[in-house]
Amino acid sequence: MKWKRVAITGVGVVSCLGCGCEAVSAALRAGRSGIVVDEERLELGFRSPLTGTIRGFDPKDWLGRKERKTMTDFSVQAYAATREALTLAGVADEDLRNPDTGLIFGCDSSCLAGIEQVELLRQSRETKAIGSGHIFRSMTSNITMNLNTLLGTQGACWSLSSACSSGGHAVGQAADLIASGRQQRVICGGAQEINWQSMCSFDGLGAFSTARDEPQKACRPFSADRDGLVPSGGAAALVLEEYELARRRGARIFGEVLSYAFSSDGEHLSVPSRGGLQRAMNGVLQRAGLQPGQIDYICAHATATPAGDGAEADNIHAVFGDAKPWVSSTKSMTGHELWMSGAAQVVYSTLMARDGFIAPNLNFTTPDDHSRGLRIVTQTVDESPRRVLCNSAGFGGTNACLVLGFDA
Amino acid sequence: MTEEQIITTVNQALAEEFELELEAMQPAASIYADLGLDSLDTVDMVIVLEAAFKFKIRDEEAIKKIRTLQDIYDFVQRKMAELS
């Protein structure tokens with residue numbers, strides 16, 4: 001079977017760096033962090049009050065009350081990001097309503113509706129008093145079920161759950177469906193709820209940074225002084241299309257998904273292995289027909305946990321050896337966008353390539369034994385990356401790697 | 001509560017819950033075809049009516065028979081009469 005090329009024709013984002021591609025690209029270039037202190041978390045007994053936060057986004061600007069009734073906050077953000085991506089792609093709504101257009105998003109939780117419905121039942125003592133929206137909002141497929149209804153797509157429609165690599169696998173599977181000829185166009189991405197309820201038990205594991213005096217300096221991926229991740233969220237969306245279809249209709253092609261590979265560790269639930277991500281990186285290079293030296297930027301998974309960054313750095317050394325691509329983790333600015341992050345990295349990398357820069361890995365001061373020898377981007381690089389490898393990894397040891405191409 | 005008060009209360013409650021224009025809320029308007037409600041919305045309509053009139057609606061068959069705004073006004077009137 002001859003695999004088809006996969007074009008990126010639209011991107012959209014709602015993140016703690018801003019709402020929309022222009023604001024987010026400017027923040028990435030300037031190295032501006034979106035991390036804040038949420039005092040309520042301290043009062044509630046969190047170890048860490050640090051979180052990403054979405055500013056300037058009003059769900060009412062996007063959808064009416066009836067539509068929002070069955071949608072989580074992050075699904076409305078996913079809708080807004082999708083609308084931005086479709087506008088950039090120049091795809092009219094009537095061109096979405098066919099079996100060759102699909103939807104795949106990464107998402108692995110929807111916490112609030114579950115809590116609210118139980119509270120409502122306890123108060124009212126009758127299930128019919130809960131209302132019609134909660135059952136839909138409590139599902140992790142909330143994004144795709146609602147987008148499918150709102151956009152009228154008739155092809156693939158599902159959400160994919162693989163912890164913090166959900167967004168990466170969603171983009172990868174979307175690309176594979178196009179490459180194999182099963183879909184012509186897939187709207188894909190990832191979204192992540194931001195609320196203390198969904199993060200309290202994660203906070204209890206002791207994996208979050210507690211450096212709250214200077215929130216913007218809290219997240220320090222790859223740096224020897226890192227002390228944990230900062231939870232964050234929002235939504236990232238892409239329009240992927242079969243390359244020839246995009247070219248024929250005269251779309252602006254921002255870049256290509258050159259290949260996707262996956263692997264799993266088969267080891268520990270929460271400690272990444274020394275081999276898993278390596279297998280996915282080797283696989284993605286092989287599928288793209290590229291040597292390590294042909295990658296000029298690694299958009300790393302690195303979340304700023306001691307164990308996770310160390311394992312990723314070791315895996316990068318093992319695959320890349322003397323080839324020294326630029327490496328940065330955009331999580332140094334965004335925090336860890338969890339289920340969204342793998343898709344957000346593809347959007348961020350596409351914006352870097354479009355706007356001519358490589359975003360810095362903020363707060364990197366000192367290498368440790370693992371990150372020593374990596375070419376960490378400490379200051380914004382004023383050149384477009386041409387071939388980017390995006391890493392993402394999740395609990396359970398599930399890894400997604402994507403290679404993106406931005407040949408002019 | 002007068003008939004007029006019932007009509008006003010129903011219209012305001014539904015207009016707010018379902019973002020409806022008050023001008024569209026004519027007695028003969030079909031809640032489905034004209035006002036755009038669906039079967040899920042009727043679940044929330046019951047909750048809204050219960051809150052607006054401070055009564056409990058147990059008769060689900062009667063709710064299923066509602067087609068127009070006038071049907072709702074009549075239903076509420078009957079319910080209020082039962083309770084008084």
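## Strand E5 and its partners

Four bridges link strand E5 of chain A (residues 101-106) to strand E6 (residues 157-160), and the two run parallel. This is a predicted model, so please read every detail here in that light. E5(A) also pairs with strand E7 of chain A (residues 185-192), again in the parallel sense, over six bridges.

Gly106(A) is a handy residue to click on. Its bridge partner in E6(A) is Leu160(A), while in E7(A) the partner is Gly190(A).

## The two faces of E5

In a regular strand the side chains alternate between the two faces of the sheet. Here, Thr101(A), Leu103(A) and Phe105(A) point one way from E5(A), and Gly102(A), Ile104(A) and Gly106(A) point the other way. Both sets are buried, and E5(A) is thus mostly covered, with six of its six residues buried.

## Helix H7, an enclosed helix

Why is helix H7 of chain A (residues 142-151) described as largely enclosed by the rest of the structure? Because seven of its 10 residues are buried. They are Asn142(A), Ile143(A), Thr144(A), Asn146(A), Leu147(A), Asn148(A) and Leu151(A).

The cover over these buried residues includes E5, E6 and E7 of chain A, along with helices H4 (73-89) and H6 (134-137). Just past the end of H7(A), Gly152(A) adopts a positive phi of about 80°.

## Where the chains meet

Turning to the interface, eight residues of chain B are in contact with seven residues of chain A. On the chain B side, helix H2 (residues 39-53) gives the largest share, six residues. By class, that side has five nonpolar and three charged residues, and no polar ones.

Methods
Residues numbered from 1 in each chain as written. Chains lettered and ligands numbered in written order. Predicted model: local features only at pLDDT ≥ 70, side-chain atom pairs only at ≥ 80, totals over all residues. Contact = placed C-beta atoms within 7 Å. Nonpolar A, V, L, I, M, F, W, Y, C, P; charged D, E, K, R; others polar. Buried ≥ 20, exposed ≤ 12 C-beta atoms within 10 Å, placed from the backbone. Pairing = 2+ DSSP bridges.
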